[in-house]
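Here's a walk through one structure, with a stop at a helix, a loop residue and the place where two chains meet. Have the 3D view open as you read.

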Amino acid sequence: MGHSRPRTLTEKIWDSHKVLERDDGQTLLYIDRHFMGDDLLPDVFDAVRDKGLRFRRPDRTFATQDHYVPTTSRDIGSVDDPERRAMLEAVARNAAAAGITFFGMDDPRQGIVHVVGPEQGLSLPGMTIVCGDSHTATHGALGALALGIGSSEVSHVLATQTLWQVKPKTMRIRVEGRLPHGVSAKDIILSIIGKIGVSGATGHVVEYAGSAVRALSVEARMTLCNMSVEAGARAGLIAPDEATFDYLQGRPYAPKDDAWQNALRSWRDLASDPDAIFDREVTLDATDLAPMVTWGITPADAGPIGGRVPDPAKAANAESQERAAKALAYMGLAPGTPFEAIAVDRVFIGSCTNSRLEDLRAAAAIVDGRQSVVPAIVVPGSGLVKRQAEAEGLDLIFRKAGFEWREPGCSMCIAVNGDYVEPGQRCASTSNRNFVGRQGRGARTHLMSPAMAAAAAVTGRLTDVRKLLGGR
Amino acid sequence: MEAFRPFTSVAAAMPAPDIDTDQIFPARFLKKTRKQGLGQFLFNDLRYDEDGSERAGFVLNQPRYRQARILVAERNFGCGSSREQAVYTLFDFGIRSVIAPSFGDIFFNNCFKNGLLPIPLAPAVVATLLALIRNMPGIEFRIDLEGQNVSAPDGPRYRFEIDPLRKQSLLQGMDEIDFTLGYSGSIDRFEREQEAGMDWPR
Ligand code: SF4
């Protein structure tokens, strides 16, 4: 099939999954992979069953438990909240009844759905991937079109393995140059969101490109893609390359032998054509970037650690002034305070943004030989991440420094499993959302990278991690 | 899903941007089932004090807005999580339409599947509507999906755009799964071709 018009990567994946397109542009898109956590209302299954329908392709859906799992135990009996236990049991029961592969709490492969998919080799280049969760964009790091969907759409996928979609606009964000030492993918994405705003990419699929993105490991690319939705994007993705293929080869569900060779051949075509047109282009200079922290109540309220809490009075217009003032009131911060003068009450290292092995290594490198001066927890993204980290002795480094080493799950990212930040407490967190009440009612969240969170733990305040790097 | 008909209702204003799904429906209630009545949790942390008592200042606690079926807000309403409970809670409270300059993508999408009409209007138009509500508390707006417009009494009509399939599905209260199953033949064909063309994915 000849395509004379140059196409973006998004368009290529889109075109190859079109079941049909209506005159009004609505396209029925085939879905290759569907992931499921434990946070879906059981209604999504009933909506299919009550109609007497079958689940069309349960072999393409994979489920796990993440939001409601306790991180202090693997025993479901330890969950005394009956509603929470009901959620955990529902996904296990429904997955079994529907014939869906399930990684439950007692399975070492269990973890946060967006950590598990790539780790198992279930998220592959060129795929369409959906999950009833907004951070599905994470899987775009493998070169897939990965969309977060609502629960009605989950039922629709279970029944039809398709979704109605209108072709998204495309946006390319290039990050060029070498990332300075001590600056990570989390700092890139917080800088991007700070620059374009929380609705800067609304309606768009963002493709990340440029030399700094190419130089990122696949795990770091997941951090980048993960927070695309925090800029309003439908999805974020990165063209697959040798790093992607190396990452995938040998993973349990990745193609093997001849199939691997065939897959590689088709994956190598998965890049935007050189003269493809994007609806929007944004460029960032990586060499300018510094470790970032958020000071407010949206991820766009971010600044380099050397900065100060902004003065709402200096905001561009009345609306921004009011918004910034509200953010500072909630956060309990005074304008002009240097970020490094802000003391924290606790530290959370985890979430689908930053709970993979490299994240834990980066944090452990800072923690090693030091002591946390505030309560701090590390929650690995999956049972396999936890095992690997333990094999490397990272758990010992954290424990020796006074951190709690927990079982995998979403934990304090969303605070629905019993782990939460107390009202008014300030938390240095590697998660993705600093919304009002996200980590618990009245909780004050500062988002940052794992290394920065580790630095905050050992100093008790927001700290430029570069000061603690030494030779690390 | 019930069919969406033209209606007139008092409009409640929440003049703030970026009202995210955590504010609309805090995550700690995600384990509540819809049978428990999700409307009671709408804007929970804005609507109630910690001890559960109502905050008198919150718009939906004011007598004239308790029955509001229209909500007017600023840009990026419903940003954040994909939780469809954000739509359920609005619907179960009684809201049938949210007017704002822009919406979170997934939230916007979810609305149409649940009989809620999100209406994106130009920022200047939304500002006008907010000013009307401020100056005439309790003012009623009329929403006509068939004609694609919002109007204030004796005021101008503001036209909004909507995707034809979504419009049809709201007007008919159509079930999307049934609609798609009408295309099963095409899905079967796609699946066969995809699986013949590659020995992955499995
Ligand atoms: S870790 Fe946080 S953002 Fe990620 S899936 Fe869990 S709750 Fe959502």
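A salt bridge here is a side-chain nitrogen of Lys or Arg within 4 Å of a carboxyl oxygen of Asp or Glu. Keep in mind that what you're looking at is a predicted model. Arg56(A) forms such a bridge with Asp188(B), and their closest N and O atoms sit 2.7 Å apart. Between chain A and chain B the count of salt bridges is 14.

**Where the chains meet**

Here are the totals for the contact between the two chains.

| Feature of the A–B contact | Value |
|---|---|
| Residues from chain A | 71 residues |
| Residues from chain B | 59 residues |
| Area buried between chain A and chain B | about 5,300 Å² |
| Share of that area on carbon and sulfur atoms | 53% |
| Residue pairs in polar contact, both at pLDDT 80 or more | 26 residue pairs |

Which elements of chain A give two or more residues to the side that touches chain B? They are strands S1 (18-21), S2 (26-30) and S8 (162-166), along with helices H3 (82-98), H5 (151-160), H10 (257-267) and H11. H5(A) hands over the largest share, seven residues.

**Helix H11**

H11 of chain A turned up in that list, and it's worth a visit of its own. The helix runs over residues 318-331, 14 residues in total, and spans 20 Å from its first C-alpha to its last, close to the 20 Å expected at 1.5 Å a residue. Its buried residues are Arg323(A), Ala324(A), Ala327(A), Leu328(A), Tyr330(A) and Met331(A). These cover an arc of only 160 degrees around the axis, so they end up on the same side of H11(A). Ala318(A), Glu322(A) and Ala329(A), on the other side, are exposed.

What lies over the buried residues of H11(A)? The cover includes strands S18 (426-429) and S19 (444-447) of chain A. Right after the helix comes Gly332(A), with a positive phi near 65 degrees.

**Asn354 in its loop**

Now look at the loop of chain A between strand S15 (346-349) and helix H12 (357-367), where you'll find Asn354(A). Is Asn354(A) buried or exposed? With a relative accessible area of 2%, it falls under the 20% cut-off and so counts as buried. Its side chain makes a polar contact of 3.0 Å with the side chain of Asp359(A). Leaving aside residues up to four places away in sequence, Asn354(A) touches several others, including Lys186(A), Thr223(A), Ile349(A), Thr430(A), Met448(A) and Pro450(A).

Notes: Residues numbered from 1 in each chain as written. Chains lettered and ligands numbered in written order. Predicted model: local features only at pLDDT ≥ 70, side-chain atom pairs only at ≥ 80, totals over all residues. Heavy atoms only, no water. Helix = DSSP H or I, 4+ residues; strand = E, 2+ residues; numbered from the N terminus. Expected span 1.5 Å × (residues − 1). Buried < 20%, exposed > 50% of the residue type's maximum accessible area, 1.4 Å probe, protein only. Arc of directions from axis to C-beta. Contact = heavy atoms within 4.5 Å. Polar contact = N/O pair within 3.5 Å; in protein donor to acceptor, adjacent residues only side chain to side chain. Buried area = accessible area lost by both parts, 1.4 Å probe.
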